[in-house]
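This report describes selected features of one structure, arranged by topic. The sequence and the model are shown first.

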Amino acid sequence: MRQRVLLPGCHGRLGQHLLRLLLPDCEVLGLDRQPESFVAHSNFRYQQIQGVSRTALRVPFRDFQPDAVINAAAYTAVDKAEEEREACWQANVDLVRSLVELCRPRGIWLGHVSTDYVFDGADGPYEEDARPAPLNVYGQSKLAGENLVRGAELPAAIVRTIVVYGKGHALAPDFFTWLEGELRAGREVGIVTDQWGNCIWAMELARVLARAMERRASGLYHAGCPDLMSRHEMALAFAGELGLDGDLVRPVATAQLGQAAERPLRSGLDCERTCRELGLSLLGFRESIRAWSADRPELWSIN
Ligand SMILES: NC(=O)c1ccc[n+]([C@@H]2O[C@H](COP(=O)([O-])OP(=O)(O)OC[C@H]3O[C@@H](n4cnc5c(N)ncnc54)[C@H](OP(=O)(O)O)[C@@H]3O)[C@@H](O)[C@H]2O)c1
């Protein structure tokens, strides 16, 4: 029997990569905010989300009867969240509460996605049991969402991830798409030297979630690539890998950017437990960039 997977946020960056990974073998009901889906596949159905309440979400649970839910929906505009606290809370907390309440009585496994922004960035890379201390509204909302999942008695995995990149249909350019465009145009870019992390290709993150679902894993898992770097080092390594001019990558400090939301600086997610418990090895930065670069999502035939 094919697994029946409910996928809120199916049109987002992670959602699209999950679709590519899951659709050959699973029946997926995707939920998102657009009236229609661009995805056409015999294993795929789509419903527009009509709000984040339990009542709004009851219909897909009743009609589709999922075996598992992977929540790829989120409010992800970190700076805007400082002004749009309510919209951020709706997606990152209220929607999660509804999913938890609908999964729990039915014993449905929930895969939930969170972020390194639950940490303050004082002393990363972080293991799963490190103490969260978010610095901004987005991080606070994601921690509140985590706490709802952890506090509920249900089979659930929370996968925290960090700087996700990946190509897809009608997505805003990710960090590397933007960087490639600037460097190819011969423009200088200022990239921060004081933010560290281990960014991950969205297909790798999708692989972690799919494996967690397959094993009905529960608890907290971290998902990032094995290579911890500053953003500036990432940009230089990226330029080197694609044969672009690294001299255009100028070092700047986060404080110079004047961003509305404070960032965790020394971040990074230790993924040893994830690899060990889920029996996975994750692609390194350079291999991931090569795979990302070769990826041609416009040629996907999801059909
Ligand atoms: N991207 C990163 O660098 C990063 C880093 C760490 C953690 N994460 C986490 O990874 C997960 C996936 O992120 P992503 O990069 O795939 O984000 P994304 O591309 O912004 O996708 C999020 C999806 O959720 C939808 N959504 C937003 N608000 C909603 C609401 N109120 N009700 C229903 N759907 C809603 C969005 O629709 P619209 O397009 O209409 O808004 C979009 O399709 C999230 O949990 C995020 O917090 C991401």
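How do the residues of the shell around the ligand divide into nonpolar, polar and charged?

## Ligand shell

The shell divides into 14 nonpolar, 8 polar and 4 charged residues. Here Ala, Val, Leu, Ile, Met, Phe, Trp, Tyr, Cys and Pro count as nonpolar, Asp, Glu, Lys and Arg as charged, and the others, Gly among them, as polar.

This is a predicted model, in which local features need pLDDT of at least 70 and side-chain atom pairs count only at pLDDT 80 or more, while totals for chains, interfaces and linings use all residues. Residues are numbered from 1 along each chain as its sequence is written.

Of the 26 residues around the ligand (C-beta atom, placed from the backbone, within 6 Å of it), Gly9, Gly12, Leu14, Ala74 and Thr115 come nearest. At least two shell residues are supplied by each of helix H1 (13-22), helix H3 (85-103) and strand S5 (109-115). Helices (H or I, at least four residues) and strands (E, at least two) are DSSP runs, numbered from the N terminus.

## Asp227

Asp227 lies in the loop between strand S11 (219-223) and strand S12 (229-230). Asp227 counts as partly exposed because it has 19 C-beta neighbours inside 10 Å; 20 or more would make a residue buried, and 12 or fewer exposed, with C-beta atoms placed from the backbone.

Beyond its neighbours within four places in sequence, Asp227 is in contact (C-beta atoms, placed from the backbone, within 7 Å) with Asn198, Gly284 and Phe285. Gly197, 30 residues apart from Asp227 in sequence, is 8.2 Å apart from it in space, C-alpha to C-alpha.

## Contact of H5 with H7

In this contact, Phe176, Leu179, Glu180 and Leu183 of H5 meet Ala235, Phe238, Ala239 and Leu242 of H7. These residues divide into 7 nonpolar, no polar and 1 charged.

How values were computed. Contact = placed C-beta atoms within 7 Å.
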